[in-house]
Amino acid sequence: GTDWFTEILSSDRFWNALARNLIFSMIILAIEVPLGIFIALNMPKKGLGVPVCLVLMALPLLIPWNVVGTIWLVFGRVDIGLLGYTLSALGIEYNFTQNPIDAWITVIVMDVCHWTSLVVLLCYAGLVSIPDAYYQAAKIDGASRWSVFRFIQLPKMKRVLLIAVLLRFMDSFMIYTEPFVLTGGGPGNSTTFLSIDLVKMAVGQFDLGPAAAMSIIYFLIILALSWVFYTVMTNSDAKG
């Protein structure tokens, strides 16, 4: 009934989880999109280096999500993990199981290492589709590297960037497995995103009515935000 929707929408627990989700997605987009463009611009366009770089970029995408969380769970441990042990040896206090900031940084770095390759591959596909005539004309005109990027490469990558932003936003907003394996939503509720909170409500607490209402609200939020992203970016592309 509607009481379940009212219960969810009036709950601070829901809005806090939603805020964490939005902040996480914005940080992920702000890091992965520029980084993916930068890597794609510096990848070779011809020769033996092309297949080597493409394979290296594709490898992170082949790792299952639960394995990614497990790798970083071990990697970040202070006693046996390379990252945790190195930071501890350098005198840096790091404990993602007790410190919320460390937990957030670890989850963000984990997602960046896992999914930046997707942005790279999409941007690279857009770059290699640009005819050489554009670059030859820019060279004759004496265009700088920034001008080539601003007026040739970036406009030609707009469509693939739209796909990259939409995919990464939806994936990051629905993220569950990696942070659940790594932190379990902790410490406290600092990394409890909507997906983790939904599973806790449905499976852990067995509140199936509110959980069903929350899942519908969750779906509608993703649908609405994706529509806004798509509309804004396609309108700007049409005006350009």
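## Ser190 and its surroundings

In this predicted model, S190 has a relative accessible area of 13%, so it counts as buried, the cut-off being under 20%. S190 sits in the loop that links α10 (177-182) to α11 (194-204). Its side chain finds backbone partners in that part of the chain: the backbone oxygen of P187 is reached at 2.9 Å, and the backbone oxygen of G186 lies 3.4 Å from a polar atom of the S190 side chain.

Looking past the neighbours within four places in sequence, you will find S190 in contact with R20, P100, W104 and G185.

## A cis peptide bond in the loop

G186 and P187 deserve a second look. The peptide bond that runs from G186 to P187 is cis, and its omega is near -5 degrees. P187 belongs to the loop between α10 and α11, and its backbone oxygen is the one that the S190 side chain reaches at 2.9 Å. As a reminder, most peptide bonds are trans.

## Helix α8 and its two faces

Helix α8 covers residues 145-156, and its length is easy to check. With 12 residues at 1.5 Å a residue, α8 should span 16 Å; the C-alpha atoms at its ends are 15 Å apart, so expectation and model agree.

Which residues of α8 are buried? They are V148, F149, I152 and Q153. These residues lie on the same side of α8, because they cover an arc of only 125 degrees around the axis. The buried residues of α8 pack against three helices, namely α2 (12-41), α6 (100-128) and α7 (132-140). On the face turned away from this buried side, α8 carries W146 and F151, which are exposed.

## Where α2 meets α11

Helix α2 also packs with α11: their axes are 8 Å apart and make an angle of about 145 degrees. From α2, the contact draws on R13, F14, A17, L18 and N21, while α11 supplies L194, S195, D197, K200 and M201. Sorted by class, the contact of α2 with α11 holds 5 nonpolar, 2 polar and 3 charged residues.

## From α11 into α12

Moving on along the chain, F206 lies in the loop between α11 and α12. Is F206 buried or exposed? With a relative accessible area of 61%, F206 is exposed, because exposed means over 50%. Its backbone is worth a look too: F206 is not a glycine, yet it has a positive phi of about 60 degrees. For context, most residues other than glycine have a negative phi.

Helix α12 (residues 208-239) contains S215. At 30% relative accessibility, S215 falls between the cut-offs of 20% and 50%, so it counts as partly exposed. S215 and L198 are 17 residues apart in sequence, and their C-alpha atoms are 7.1 Å apart in space.

## The whole chain

Stepping back, the secondary structure of the protein comes to 12 helices and 0 strands. Along the principal axes, the C-alpha atoms fill a box of roughly 65 × 50 × 30 Å. Of the 240 residues in the protein, 39% are buried.

How much of the contact comes from residues 24 or more positions apart? Among the contacts with a separation of 6 or more, such residues account for 72%.

Definitions and conventions. Residues numbered from 1 in each chain as written. Predicted model: local features only at pLDDT ≥ 70, side-chain atom pairs only at ≥ 80, totals over all residues. Heavy atoms only, no water. Helix = DSSP H or I, 4+ residues; strand = E, 2+ residues; numbered from the N terminus. Buried < 20%, exposed > 50% of the residue type's maximum accessible area, 1.4 Å probe, protein only. Polar contact = N/O pair within 3.5 Å; in protein donor to acceptor, adjacent residues only side chain to side chain. Contact = heavy atoms within 4.5 Å. Expected span 1.5 Å × (residues − 1). Arc of directions from axis to C-beta. Axes fitted to C-alpha atoms, helices over the stretch in contact; angles between N-to-C directions. Nonpolar A, V, L, I, M, F, W, Y, C, P; charged D, E, K, R; others polar.
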